[in-house]
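Colleague: I should be grateful for a close look at how helices pack against each other in one chain of this structure. Please set the packing in the context of the chain, and then turn to a few individual residues.

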Amino acid sequence: MAAPGNLAVLESDLQSAVTLLKNLQDQVMAVTAQVQALTKKVQARAYPTEKGLSLLEVKDQLLLMYLMDLTHLILDKASGGSLQGHAAVLRLVEIRTVLEKLRPLDQKLKYQIDKLVKTAVTGILSENDPLRFKPHPSNMMSKLSSEDEEEDEAEGQSEASGKKSVKGTVKKYVPPRLVPVHYDETEAEREKKRLERARKRALSSSVIRELKEQYSDAPEEIRDARHPHVTRQSQEDQHRINYEESMMVRLSVSKREKGRRKRASVMNSQLHSLTHFSDISALTGGTPHLDEDQNPIKKRKKIPKKSRKKTGFRRRR
Amino acid sequence: MTNRLLQRKQMVIDVHHPGKATVPKSEIWEKLAEMYKIADVIFVFGFRAHFGGGQTTGFGMIYDSLDYAKKNKPKHRLARHSLYEKKKTSRKQRKEEYNNRMTKVRRTAKANVGPGKKK
């Protein structure tokens, strides 16, 4: 009694099968038309690919081969053949593996490809493109025409060179995102940090450096380098210079500041450095004595300061 | 650097003059005028020589036009280029005149006495 039941199932299936086959036929016709158009265009050399990225070319060819093998398999299966041990299957597997291996390369080139596509579509480079900020050698040439006439002056020529930075278009100010971090540094950690810093400073002091030079086989280097120890005074001077140049004003130097500067410069110019060495107790484990250019750590009293005009410059100590 | 708010271009100027004394401002002004071909809207100031000589650093500003320069520049800088003449009367004289006028007037009329009003 299963036959009539099967017949009913078969009938309903037949309907859907016929409609599906019809759909398939329509779609196949559409796809064939498109593929033929594409082939005509390619044969008419509408898509030259010699100067393009070779990776993309390889991918194109691989995908085409994959499609061909797949259609071959479908044809065989549709005409009743078995897929067991079919040569096309092995080829498909090989192409698939190669495509998978190409994927990370594709990732790496993604930025370049996107930029190229964008340039091709819009026709112009975007504003933030780093290729736009090339150096302009013509700006570095001196524009003084009367230089030759001054050649017969005494020693040097006097040259005026202007420092100008070319700024792009004005962008909206985005404040920096600073995430507050919880502060829970214990006394022990602070001590450890201090010790670490003292050790680093001791390792780069002149005593240790000379010992190193004595026992190493490397040739002796005479370098014209900046002073390795940035003193507080030199840091302040640098801060002052930066402020002056960015604000285009000249700040006045108070008497106290003048005295400090003089003391710092005098200390470096005298024979002070011949007899006073920096502190290496961090390495030897003795008692620390302070270096002369470091101020002794004093507890500052809270004295209310009078408001000054140029408050933007004063740093809180 | 272009400063659109004050309609000018501002820059830091480094002068190298090894073996010579500090270059006077007028010379630097002339040189800049040659370089940029405009003479009357350039202002230079604040030249300080570095330690040891040979290099001087200062500031320079190039305004878009003379009107903007007159509006935005402090008066003593304009006066250096003789674009501005300040009053020759001293502060003491002016205060004396003002106080004398105030003494002649009673109560609320004192508010109407201005420094230049009764000339």
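Modeller: The answer below begins with the chain, goes on to two helix pairs and ends with single residues.

The model is predicted. Chain A contains 10 helices and 1 strand, and along the sequence these elements follow the order α-α-α-α-β-α-α-α-α-α-α. Of the 317 residues in chain A, 10% are buried. The surface that chain A exposes comes to about 29,000 Å², with 58% of it supplied by carbon and sulfur atoms. Among the contacts in chain A with a separation of 6 or more, 53% are between residues 24 or more positions apart.

Two packed helices are described by the angle between their axes and by the distance between the axes. Both quantities are available for two pairs in chain A.

In one pair, helix α2 of chain A, residues 54-78, packs with helix α3 of chain A, residues 87-122. Their axes come within 9 Å and cross at roughly 150°. Because angles over 145 degrees count as roughly antiparallel, α2(A) is roughly antiparallel to α3(A). The crossing in which α2(A) passes α3(A) is left-handed. As for composition, the residues of the contact between α2(A) and α3(A) comprise 19 nonpolar, 1 polar and 5 charged.

In the other pair, helix α7 of chain A, residues 232-247, packs with helix α8 of chain A, residues 255-269. Here the axes lie 10 Å apart, and the angle is about 130°. The two helices α7(A) and α8(A) are therefore oblique to each other. The crossing of α7(A) past α8(A) is left-handed. On the side of α7(A), the residues that meet α8(A) are A:Gln233, A:Glu236, A:Asp237 and A:Arg240. Their counterparts in α8(A) are A:Glu257, A:Arg260, A:Arg261 and A:Ala264. By class, the residues of the contact between α7(A) and α8(A) divide into 1 nonpolar, 1 polar and 6 charged.

The loop between α7 and α8 of chain A holds A:Met248. This residue is not a glycine, yet A:Met248 has a positive phi of about 60°. A:Met248 counts as buried because its relative accessibility is 6%, and buried means under 20%.

A residue of chain B can be described in similar terms. B:Gln7 has a positive phi of about 50° although it is not a glycine. Its place is the loop between β1 (2-3) and β2 (8-16) of chain B. With a relative accessible area of 17%, B:Gln7 is buried.

The final residue to consider, B:Lys25, lies in helix α1 of chain B, which covers residues 25-36. B:Lys25 counts as partly exposed, at 35% relative accessibility. Once its neighbours within four places in sequence are left aside, B:Lys25 is in contact with B:Val44, B:Phe45, B:Phe47 and B:Arg80. For B:Lys25 and B:Phe43, the separation in sequence is 18 residues, and the C-alpha to C-alpha distance is 9.5 Å.

Conventions: Residues are numbered from 1 along each chain as its sequence is written. Chains are lettered from A and ligands numbered from 1 in the order in which they are written. This is a predicted model: local features need pLDDT of at least 70, side-chain atom pairs count only at pLDDT 80 or more; totals for chains, interfaces and linings use all residues. Side-chain values use heavy atoms; hydrogens and water are left out. Axes are lines fitted to C-alpha atoms, for helices over the stretch in contact, and angles run from 0 to 180 degrees between N-to-C directions. Helices (H or I, at least four residues) and strands (E, at least two) are DSSP runs, numbered from the N terminus. Angles under 35 degrees count as roughly parallel, over 145 as roughly antiparallel, 65 to 115 as roughly perpendicular and the rest as oblique. A crossing is left-handed if the near helix is turned anticlockwise from the far one by less than a right angle, and right-handed if clockwise. Ala, Val, Leu, Ile, Met, Phe, Trp, Tyr, Cys and Pro count as nonpolar, Asp, Glu, Lys and Arg as charged, and the others, Gly among them, as polar. Buried means under 20% relative accessible area, exposed over 50%, partly exposed in between (1.4 Å probe, protein chains only). Contact means heavy atoms within 4.5 Å. Accessible areas come from the Shrake-Rupley method with a 1.4 Å probe; for residues, only the protein chains shown count as cover.
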